[in-house]
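Here are my notes for anyone opening this one cold. Have a look at the picture first, then work through the points below.

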Amino acid sequence: MKKKFKLEDLDCASCAAKMEDAIKKLDGVNDASVSFLTQKLTLDADDARFEEILEQAVKACRRVEPDCKILR
(Lines give C-alpha, C1' and ligand atoms only; values in the text may rest on other atoms or scores of the structure.)
Protein backbone atom coordinates (compact mmCIF):
# COMPACT_ATOMS: atom_id res chain seq x y z
CA MET A 1 0.00 0.00 0.00
CA LYS A 2 1.31 3.43 -0.90
CA LYS A 3 0.06 6.57 0.85
CA LYS A 4 1.12 10.21 1.07
CA PHE A 5 1.12 12.27 4.25
CA LYS A 6 1.60 15.99 4.86
CA LEU A 7 4.44 16.94 7.20
CA GLU A 8 4.27 19.87 9.56
CA ASP A 9 7.30 21.72 11.01
CA LEU A 10 9.98 19.90 9.01
CA ASP A 11 12.87 22.34 9.37
CA CYS A 12 15.65 21.24 7.03
CA ALA A 13 16.55 19.07 4.05
CA SER A 14 19.20 17.22 6.06
CA CYS A 15 16.58 16.16 8.62
CA ALA A 16 14.29 15.03 5.79
CA ALA A 17 17.08 12.81 4.42
CA LYS A 18 17.76 11.33 7.86
CA MET A 19 14.05 10.65 8.38
CA GLU A 20 13.81 8.98 4.97
CA ASP A 21 16.80 6.73 5.73
CA ALA A 22 15.36 5.74 9.13
CA ILE A 23 11.94 4.90 7.65
CA LYS A 24 13.45 2.86 4.80
CA LYS A 25 15.22 0.66 7.39
CA LEU A 26 11.92 -0.32 9.08
CA ASP A 27 10.75 -3.89 8.58
CA GLY A 28 7.88 -4.05 6.08
CA VAL A 29 8.74 -0.81 4.26
CA ASN A 30 9.07 -1.25 0.50
CA ASP A 31 10.01 2.37 -0.16
CA ALA A 32 9.75 5.79 1.43
CA SER A 33 10.52 9.35 0.45
CA VAL A 34 10.52 12.49 2.54
CA SER A 35 10.47 15.75 0.61
CA PHE A 36 11.57 18.89 2.42
CA LEU A 37 10.46 21.00 -0.54
CA THR A 38 6.85 19.75 -0.60
CA GLN A 39 6.71 18.82 3.11
CA LYS A 40 5.38 15.35 2.24
CA LEU A 41 6.08 11.75 3.21
CA THR A 42 5.33 9.00 0.70
CA LEU A 43 5.24 5.59 2.37
CA ASP A 44 4.99 2.29 0.51
CA ALA A 45 4.65 -0.56 3.01
CA ASP A 46 3.14 -3.98 3.64
CA ASP A 47 -0.68 -3.73 3.42
CA ALA A 48 -1.40 -6.05 6.35
CA ARG A 49 0.84 -4.11 8.76
CA PHE A 50 0.49 -0.59 7.35
CA GLU A 51 -0.83 1.09 10.53
CA GLU A 52 1.86 -0.56 12.68
CA ILE A 53 4.59 0.48 10.22
CA LEU A 54 3.19 4.03 10.09
CA GLU A 55 3.42 4.26 13.91
CA GLN A 56 7.07 3.13 13.72
CA ALA A 57 7.70 5.75 11.01
CA VAL A 58 6.19 8.45 13.26
CA LYS A 59 8.55 7.42 16.08
CA ALA A 60 11.55 7.39 13.73
CA CYS A 61 10.68 10.90 12.55
CA ARG A 62 10.38 12.19 16.12
CA ARG A 63 13.86 10.90 16.95
CA VAL A 64 15.32 12.94 14.08
CA GLU A 65 13.05 16.01 14.26
CA PRO A 66 11.04 16.13 17.53
CA ASP A 67 8.83 19.03 16.36
CA CYS A 68 7.84 17.43 13.04
CA LYS A 69 4.36 15.93 12.80
CA ILE A 70 2.95 13.52 10.23
CA LEU A 71 -0.62 14.63 9.54
CA ARG A 72 -3.08 11.85 8.77
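**Notes on the fold**

1. Let's start with Thr-42, which is buried, as its relative accessible area is 15% (buried is under 20%, exposed over 50%, partly exposed in between, with a 1.4 Å probe and protein chains only). Thr-42 sits in strand S3; strands (E, at least two residues) and helices (H or I, at least four) are DSSP runs, numbered from the N terminus. Beyond its neighbours within four places in sequence, Thr-42 is in contact with Lys-2, Lys-3, Lys-4, Asp-31, Ala-32 and Ser-33, where contact means heavy atoms within 4.5 Å.

2. Before going on, a word on what you are looking at. This is a predicted model, in which local features need pLDDT of at least 70 and side-chain atom pairs count only at pLDDT 80 or more, while totals for chains, interfaces and linings use all residues. Residues are numbered from 1 along each chain as its sequence is written, and side-chain values use heavy atoms, with hydrogens and water left out.

3. Now look at Lys-3, one of the contacts of Thr-42. Lys-3 belongs to strand S1, and its C-alpha atom is 5.8 Å from that of Thr-42, although the two are 39 residues apart along the chain. Lys-3 counts as partly exposed, at 34% relative accessibility. Apart from neighbours within four places in sequence, Lys-3 is in contact with Leu-41, Thr-42, Leu-43 and Phe-50.

4. Which aromatic rings pair up? Searching the whole structure gives one aromatic pair, and it is Phe-5 with Phe-50, stacked at 6.5 Å centre to centre with 25 degrees between the planes. Phe-5 is in strand S1 and Phe-50 in helix H2, so the pair ties together parts that are 45 residues apart in sequence. (Rings of Phe, Tyr and Trp, the last by its six-membered ring, pair if their centres lie within 6.5 Å; planes under 30 degrees apart are stacked, over 60 edge-to-face, and the rest tilted.) Both partners are buried: Phe-5 has 8% relative accessibility and Phe-50 has a relative accessible area of 3%.

5. On to helix H2 itself. Its 15 residues should span 21 Å at 1.5 Å a residue, and the end C-alpha atoms are indeed 21 Å apart; the expected span is 1.5 Å times one less than the number of residues. Phe-50, Ile-53, Leu-54, Ala-57, Val-58, Ala-60 and Cys-61 are buried in H2. They cover an arc of only 165 degrees around the axis, which puts them on the same side of H2 (the arc is that of the directions from the helix axis to the C-beta atoms). Lys-59 and Arg-63, on the other side of H2, are exposed. The buried residues of H2 pack against S1, H1, S2, S3 and strand S4 (69-71).

6. Helix H1 (residues 13-24) can be read in a similar way. The buried residues here are Cys-15, Ala-16, Met-19, Glu-20 and Ile-23. Their arc around the axis is only 140 degrees, which puts them on the same side of H1. The packing partners of these buried H1 residues are strand S2 (29-35), strand S3 (40-45) and helix H2 (50-64).

7. What does the largest nonpolar core contain? It has 22 residues, and those with the most contacts inside it are Leu-10, Ile-23, Val-34 and Leu-43. Strand S1 (2-8), H1, S2, S3 and H2 each supply at least two residues of this core, with H2 giving the largest share, six residues. (A nonpolar core is a set of buried Ala, Val, Leu, Ile, Met, Phe, Trp, Tyr and Cys residues joined through side-chain atoms within 4.5 Å.) Ile-23, leaving aside neighbours within four places in sequence, is in contact with Val-29, Ala-32, Val-34, Leu-41, Leu-43, Ala-57 and Cys-61.

8. How many disulfides are there? Zero, taking a disulfide as a pair of cysteine sulfur atoms within 2.5 Å. The closest cysteine sulfur to that of Cys-61 is in Cys-68, 5.9 Å away and too far for a bond. Cys-61 is buried, at 1% relative accessibility, and Cys-15 is also buried, at 14%.

9. Last, two backbone angles to check. Most residues other than glycine have a negative phi. Asp-9, not a glycine, has a positive phi of about 65 degrees; this residue lies in the loop between S1 and H1 and is partly exposed at 39% relative accessibility. Gln-39 also has a positive phi, near 60 degrees. Gln-39 is in the loop between S2 and S3 and counts as buried, at 17% relative accessibility.
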